[in-house]
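Student: Please take me closely through the part of this model around one nonpolar surface patch, and then follow the thread outward to the charged pairs, the ligand and the backbone details. I would prefer one connected account to a list.

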Amino acid sequence: MEKVQVFAPASVANVGPGYDTFGFAIERLGDIITLTKRNDSKLNILKSEGADLPTNPEKNVATVAIKALLDSLESEQGFDVHIKKLFKPGSGLGSSASSASGAVYAANKLLGEPYRDEELLEFALEGEALASGMIHADNVAPSLLGGFQAVRSYEPLELFRIPTPEDLRVLIIFPDVEVKTSEAKGLVPKELSVKDAREQWGNVGALIHAMHAEDYKLMRHAITDRIAEPVRKKLIPHYGQVKQYALDHGAVGFNISGSGPSMFALFRSADAAKACMTEVEKIYQKADLRVLLNLSRINPNGCQVI
Ligand code: HSE
């Protein structure tokens, strides 16, 4: 195989209480990465579509991730890399994770699949670290492997997958302002009181149980956050109003997606979400702010050849 094209889904990280721990993949939004083998060892970034991405291979998350993979194989293979973004970087939907995951997934295919998908995680994380200034796996894991992923441990890195109800739908609400993950990370407190921590881990446990048991009442109670939401919500226009509306009109969970400004709302069906979409559009229309809405399932698939 000389050329491959891959879809790498966007993802919602944190999911309320699971700061740097929980993340799920969504449908439709993501990156389309096209990799072509070269006859030399160069990593060449072609002009990207949908965003202006760095063309220096040391500054682009996709090529940094591919380089980590090549180094571990002691391979000198070069690639032309084309990235098409179906959503904006800085929107809180794991843009750098989609690029890094899609790039290593595609490179692994062209190299004859020396690694299993789970083993590609560490290479994708090197790309992700370039963008956010530190390693966090809660976007890379779902983008690469699909579904709802939980990081049980960072040292050593260990993940598990949480089943989700078939009917559950995710509404992404993206008001068109940019929040950089590296800056949003800086707002998060370095320490947590035991009082806050016990609420947080209670909700982490509750959310896992709610997903297994399809207990929507528990899900709604469990999707809260004492770590990131309190300090980040001020970066998101009309956060409180939109959250209140969604929760009053059928949402079974609402919070910031990753570092924002996107928000996610969970619903028991697509119909339940649709009524909320119209009202959310109105809120942002009144404020003269563009908003993008995406309604989908939790994507059971991670990166896939298309
Ligand atoms: N867990 C990360 C954070 C996700 O909240 O900073 C960034 O998309």
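Tutor: L157 belongs to strand 6, which covers residues 157-162, and, as everything here rests on a predicted model, what follows describes the prediction. L157 has a relative accessibility of 31% and therefore counts as partly exposed. Together with I135 and Y154, L157 makes a nonpolar surface patch of about 230 Å². The neighbouring stretch of chain is also worth a look, since a cis peptide bond, with omega about 0°, joins E155 and P156, and P156 lies in the loop between strand 5 (148-154) and strand 6.

A second cis bond is found elsewhere in the chain, where the peptide bond from G260 to P261 has omega near 5°; P261 is placed in the loop between strand 8 (254-256) and strand 9 (263-267). Most peptide bonds are trans, and most residues other than glycine have a negative phi. With that in mind, two residues deserve attention for their phi values. N14, which is not a glycine, has a positive phi of about 80°, and its place is the loop between strand 1 (3-13) and strand 2. D288 likewise has a positive phi, near 60°, in a residue other than glycine, and D288 sits in the loop between helix 10 and strand 10 (291-297). Their surroundings can be set side by side: N14 counts as buried because its relative accessibility is 6%, whereas D288 is exposed, with a relative accessible area of 72%.

N14 also leads to the ligand. The residues around the ligand include N14, Y19, D20, H136, D138, N139, K185 and R232. A polar side-chain atom of N14 lies 2.8 Å from an oxygen atom of the ligand, a polar side-chain atom of N139 lies 3.0 Å from a ligand oxygen, and for R232 the corresponding distance is 2.7 Å. The protein covers 98% of the 260 Å² of accessible area that the ligand has on its own.

Turning to charge, side chains of opposite charge can pair when their charged atoms come close. A search of the whole structure finds 16 salt bridges. One of them joins D31 and K85, whose closest N and O atoms are 2.7 Å apart. This pair links distant parts of the chain, with D31 in strand 2 (residues 22-37) and K85 in strand 4 (residues 79-85), 54 residues apart. Both partners fall below the cut-off of 20% that defines burial: D31 counts as buried because its relative accessibility is 0%, and K85 is buried with a relative accessible area of 6%.

A pair with another setting is E279 with K282, whose closest N and O atoms are 3.6 Å apart. Both residues lie in helix 10 (residues 270-286), 3 residues apart, which is about one turn of the helix. E279 is partly exposed at 24% relative accessibility, and K282 is partly exposed as well, with a relative accessible area of 43%. Elsewhere, salt bridges that share partners join R38, D40 and D80 into one network. E119 provides a further example, forming a salt bridge with R116 in which the closest N and O atoms are 3.3 Å apart; E119 counts as partly exposed because its relative accessibility is 30%.

A disulfide is a covalent bond between the sulfur atoms of two cysteines. The search of the whole structure finds 0 disulfides. As for individual cysteines, C276 counts as buried at 0% relative accessibility, and C303 is buried too, with a relative accessible area of 6%.

Two loop residues complete the picture. S48 is found in the loop between strand 3 (43-45) and helix 1 (61-73), where S48 is buried, with a relative accessible area of 11%, and the side chain of S48 reaches the backbone nitrogen of L53 at 3.4 Å. K190 lies in the loop between helix 5 (181-187) and helix 6 (194-213), and K190 counts as exposed because its relative accessibility is 75%. The C-alpha atoms of K190 and I227 are separated by 9.5 Å, although these residues are 37 residues apart along the chain.

How values were computed: Residues are numbered from 1 along each chain as its sequence is written. This is a predicted model: local features need pLDDT of at least 70, side-chain atom pairs count only at pLDDT 80 or more; totals for chains, interfaces and linings use all residues. Side-chain values use heavy atoms; hydrogens and water are left out. Patches are made of residues with over 30% relative accessible area and no salt bridge: like charges are joined within 9 Å, nonpolar side chains (Val, Leu, Ile, Met, Phe, Trp, Tyr) within 5 Å. Accessible areas come from the Shrake-Rupley method with a 1.4 Å probe; for residues, only the protein chains shown count as cover. A salt bridge is a side-chain nitrogen of Lys or Arg within 4 Å of a carboxyl oxygen of Asp or Glu. Helices (H or I, at least four residues) and strands (E, at least two) are DSSP runs, numbered from the N terminus. Buried means under 20% relative accessible area, exposed over 50%, partly exposed in between (1.4 Å probe, protein chains only). A disulfide is a pair of cysteine sulfur atoms within 2.5 Å. A residue is near a molecule or strand if one of its heavy atoms lies within 4 Å of it. A polar contact is a pair of N or O atoms within 3.5 Å; within protein, one must be able to donate a hydrogen and the other to accept it, and residues adjacent in sequence count only if both atoms are side-chain atoms.
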